[in-house]
Amino acid sequence: MCGIVGYIGKRDAYPIVLNGLKRLEYRGYDSAGIALFDGSEIQLCKTKGKVSDLEEKVERSISSKGNLGMGHTRWATHGVPNDINSHPHYSNSGDLVIIHNGIIENYTALKKELLNRGYSFTSDTDTEVLVNLIEDVKKKEKVKLGKAVQIALNQVVGAYAIALFDRNKPDEIVVAKLGSPLAIGIGEDEFFVASDASPFIEFTNNAIYLEDEEMAIIRLGRDVKVRKIKDDSLVAPYVHELQLNLEQIEKGGFDHFMLKEIYEQPSVIKDTYRGRLLVNEGIIKLGGLEDYIEKFIQADRIIVVACGTSWHAGLVAEYIFEDWARIPVEVEYASEFRYRNPIITEKDVVIAISQSGETADTLAAIKLAKEKGAFVYGICNVVGSTISRETHSGTYTHAGPEIGVASTKAFTTQITVLTMIALKLAKKKGTISHRDYMVHLRELELIPAKVEETLKTDENIQKIAEIFKNAKNFLYLGRGYNFPVALEGALKLKEISYIHAEGYPAAEMKHGPIALIDEHMPVVVIAVNSNHYEKVVSNIQEIKSRAGKIIAVVTEGDTTVKEMADYIMEVPPTPETLTPLVTTIPLQLLSYHIAVMLGRNVDQPRNLAKSVTVE
């Protein structure tokens, strides 16, 4: 949530910061702002709305000159979305300017104390409290800005990523991090600051990622100095070489990032198993797992912690791990996990799944699991992210940047990684026959082609979307491996179309949801060939007898369900254990087309953020 961009160097800061804000729009926001400094005067402009609104306001209200600049996209926490509450924020003197992601939990007490000292506030934000706290420390202690930031942050409770500068020191930006991500791009006689590397990828491929409770002083003509906030000790920063490229974060001719990412799934699934799935040799190579496989083999259970779409991927993992590797699995909402005093032991393995690698609730669950002595394995998409650093080991999905807020390719690549782990464990334990093992290796290798084939049915799915775009409610039903897919399908629809949708195990329909079914209720049923096929057919009969409108996902060549359903979406024949990788595709497309037809902002749906970095 929220986005930070900053620049200091010899170029004009404005176009760099503005374009960076556009790159960070995927994170979710409701207002935007920018501060520019030309060496004598700070130009500040901010507004409720989109970055495009900010751009228009800048053109008519301020000068865009200056080699130092900072920009921000805000997702409201303290104070409603409006121009005043938008970032950046001045200190009372007007000397300090700050942008901030996160939440200062003790801001009320800090604000009360500052009010007693004569400070005044124009906004409702915790951020304005923080910048004045820093100014107060700077004046009282008679210290430089960096030291004032360090002292102030030791009084703060909460989460933050901040960047600020002092108009009296135009060659310096100070940044700090706890909980929210922050990257520093290192160029030639210039520096960049951002929530991730996408705003500066065309300028440099060298970046430092701050760890929690670290701050950095970025000064022209000097190396970046990184210090621990608690004890002021120097840290030797590690400079990452970025793998991201500009082409990956552009739309590539598609109308929306989400559609581009749906269509990228054949290639990114292949990228995820490339070099890892060696079918001819009968081998799965996962570097992060090789040295720790005994931890999994000896585990009493596996606990999966995740949120949203990643949680649904974890539910699929529950089926495949228990089916193939015969290891008990529990799937937990990371947001609930640490608050119910869970029983965790040294014999547990915790798998943390996150697209961004920055999800606050999942990070908190990781911390708790490590404190209890569990082995923690991460599955995430973003190289160098906090989860990749905080876990004991893990595997990247190699999905490439996912810009659309509604996750698509992250889901299928997470399932791909989890499938490879389960197969490798099953082979090691001897809980799967060699024949079945090889069959699944070969079938997994064929998934990209099957996804490609499913994408060719898009025209039919568009026609179905046109028919049901004005429905008020949807019900999604699945059994076994495809119950999590039903949940994911319902989530996609409500995320981007704002239509109410619920996913259920098909057998649970009779335990309540069937009361909702009438001629106005579209019911999406995943009815591919499986061990549950006849049961699902019975569920469809129950819907049909109550006049519900049936949209069925079926295996190519199916005749039974085809005759019963009002509309069908076909997928290629696939072993049941791997069907989630193909059955999710038509559900993603259905949601996308309905949302587009309703005029929704598909890539940036209201109230949502890509990376949820606060609780």
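**Exercise 1. Burial and overall shape**

Work out what share of the 615 residues counts as buried, and why the radius of gyration fits a compact globule.

*Solution.* Start with burial: in this predicted model, 60% of the 615 residues come out as buried. Next, take the chain length: for 615 residues, a compact globule would have a radius of gyration near 25 Å. The protein has 26 Å, so the two agree. For the outer dimensions, the C-alpha atoms fill a box of roughly 80 × 50 × 45 Å along the principal axes.

**Exercise 2. A seven-stranded sheet**

Find which strands stand at the edges of the open sheet, and what packs on it.

*Solution.* First write down the strand order: S5-S6-S7-S8-S12-S13-S14, with antiparallel pairing. S5 (89-90) and S14 (234-235) each have a single partner strand, so one side of each lacks a neighbour in the sheet. Now look inside: S7 (residues 158-166) and S8 (residues 172-178) pair over four bridges, and Ala 163 has Val 175 of S8 as its bridge partner. Finally, add helix H5 (residues 145-153), which packs on the sheet and touches S6, S7, S8, S12 and S13. The direction of H5 makes about 160° with that of S7.

**Exercise 3. Thr 555**

Is Thr 555 buried or exposed, and what does its side chain reach?

*Solution.* Locate Thr 555 in strand S26 (residues 549-555). Its relative accessible area is 5%; the cut-off for buried is under 20%, so Thr 555 is buried. Then check the side chain of Thr 555: it reaches the backbone nitrogen of Asn 529 at 3.0 Å. Beyond its neighbours within four places in sequence, Thr 555 also contacts residues including Val 528, Val 571 and Pro 572.

Conventions
Residues are numbered from 1 along each chain as its sequence is written. This is a predicted model: local features need pLDDT of at least 70, side-chain atom pairs count only at pLDDT 80 or more; totals for chains, interfaces and linings use all residues. Side-chain values use heavy atoms; hydrogens and water are left out. Two strands pair if DSSP finds at least two bridges between them. Helices (H or I, at least four residues) and strands (E, at least two) are DSSP runs, numbered from the N terminus. Contact means heavy atoms within 4.5 Å. Axes are lines fitted to C-alpha atoms, for helices over the stretch in contact, and angles run from 0 to 180 degrees between N-to-C directions. Buried means under 20% relative accessible area, exposed over 50%, partly exposed in between (1.4 Å probe, protein chains only). A polar contact is a pair of N or O atoms within 3.5 Å; within protein, one must be able to donate a hydrogen and the other to accept it, and residues adjacent in sequence count only if both atoms are side-chain atoms. The radius of gyration is taken over C-alpha atoms; the globule rule is 2.2 Å times the number of residues to the power 0.38.
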